[in-house]
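Welcome! Here are some exercises to work through with the structure open beside you. Try each task before reading its solution.

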Amino acid sequence: MTFSSAPSTRSLPHREFFDLQPWLASADWQTVPSRSGLIEELTLRDSFDAERRTGSRTLLARWSAGAWLDRAVVHDFCEEVYLLQGDLVVGCDAQGQGGAPFSAPTYACRPPGAVHGPFLSRGGCLMLEIQYHEVTP
């Protein structure tokens, strides 16, 4: 069997598997505004261009126990979310009550314009998020 060695037309960097634990401890996490608790994001790869509606972004989202985003979210791009560790309540009310509880491993896929949230993590969680603009032929 032969494989093509032609260069890729994509602008993705080649990052082979590596141990994330030491890197996560020292990486530059960015704080996300929330009602309570700590929500942080760490960008793994980013070619996202909101103005041109092109590209994609891959990030990790880390929520502390009790982290709560008290409003619904809607955006004009596609989003796939993998709940890797912990728990997340989806669709709670403005006081953090109710909603549908989920535990890892679970997955969500949201098209542009999908309203989602509010969110609460009772015990904390770690999620992998992939955000991208759909490519139309």
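Keep in mind that this is a predicted model.

**Exercise 1. Find which strands pair with β3, and decide whether β3 is largely enclosed or open.**

Step 1. Locate strand β3 at residues 56-63.

Step 2. Look for its first neighbour in this walk-through: strand β2, residues 39-46, is joined to β3 by seven bridges, and the two run antiparallel. To see one of these contacts, pick Ile-39, whose bridge partner in β3 is Trp-63.

Step 3. Now turn to strand β9, residues 125-132. β9 and β3 pair over eight bridges, also in the antiparallel sense. Here Ser-56 has Tyr-132 as its bridge partner in β9.

Step 4. Check burial. Six of the eight residues of β3 are buried, so this strand is largely enclosed by the rest of the structure.

**Exercise 2. Work out which parts of the chain are tied together by the salt bridge of Arg-35 and Asp-70.**

Step 1. Start from the total: the whole structure has six salt bridges.

Step 2. Inspect the pair. The closest N and O atoms of Arg-35 and Asp-70 are 3.0 Å apart, which is inside the 4 Å limit for a salt bridge.

Step 3. Place both ends. Arg-35 is in the loop between β1 and β2, while Asp-70 is in the loop between β4 and β5, so the salt bridge ties together parts 35 residues apart in sequence.

Step 4. Add the surroundings: Asp-70 has a relative accessible area of 24% and is partly exposed.

**Exercise 3. Describe two further salt bridges, those of Asp-46 with Arg-57 and of Arg-52 with Asp-49.**

Step 1. Asp-46 and Arg-57 meet through their side chains at 3.5 Å, N to O. This pair links distant parts of the chain, with Asp-46 in strand β2 and Arg-57 in strand β3, 11 residues apart.

Step 2. Asp-46 is partly exposed, at 45% relative accessibility.

Step 3. For Arg-52 and Asp-49, the N to O distance is 3.3 Å.

Step 4. Compare their accessibility with the cut-offs: exposed is over 50%, and buried is under 20%. Arg-52, at 64%, is exposed, whereas Asp-49, at 22%, is partly exposed.

**Exercise 4. Classify the ring pair of Phe-48 and Phe-77, then that of Tyr-82 and Tyr-107.**

Step 1. The structure holds three aromatic pairs. In one of them, the ring centres of Phe-48 and Phe-77 are 5.1 Å apart and the planes stand at 80 degrees, so the pair is edge-to-face.

Step 2. These two rings connect distant parts of the chain: Phe-48 is in the loop between β2 and β3, and Phe-77 in the loop between β4 and β5, 29 residues away. Both residues are buried.

Step 3. Tyr-82 and Tyr-107 have 4.8 Å between centres and 45 degrees between planes, a tilted pair. Tyr-82 belongs to strand β5 and Tyr-107 to strand β7, so parts 25 residues apart in sequence are tied together.

Step 4. Tyr-82, at 31% relative accessibility, is partly exposed; Tyr-107, at 44%, is partly exposed too.

**Exercise 5. Which rings do Arg-57 and Arg-62 sit over?**

Step 1. Return to Arg-57: this residue lies over the face of Phe-48, 4.2 Å from the ring centre.

Step 2. Move to Arg-62, whose charged end sits over the ring of Trp-29, 3.8 Å from its centre.

Terms used: Residues numbered from 1 in each chain as written. Predicted model: local features only at pLDDT ≥ 70, side-chain atom pairs only at ≥ 80, totals over all residues. Heavy atoms only, no water. Buried < 20%, exposed > 50% of the residue type's maximum accessible area, 1.4 Å probe, protein only. Helix = DSSP H or I, 4+ residues; strand = E, 2+ residues; numbered from the N terminus. Pairing = 2+ DSSP bridges. Phe/Tyr/Trp six-rings, centres within 6.5 Å; stacked < 30°, edge-to-face > 60°. Lys NZ or Arg CZ within 6 Å of the ring centre and 35° of its normal.
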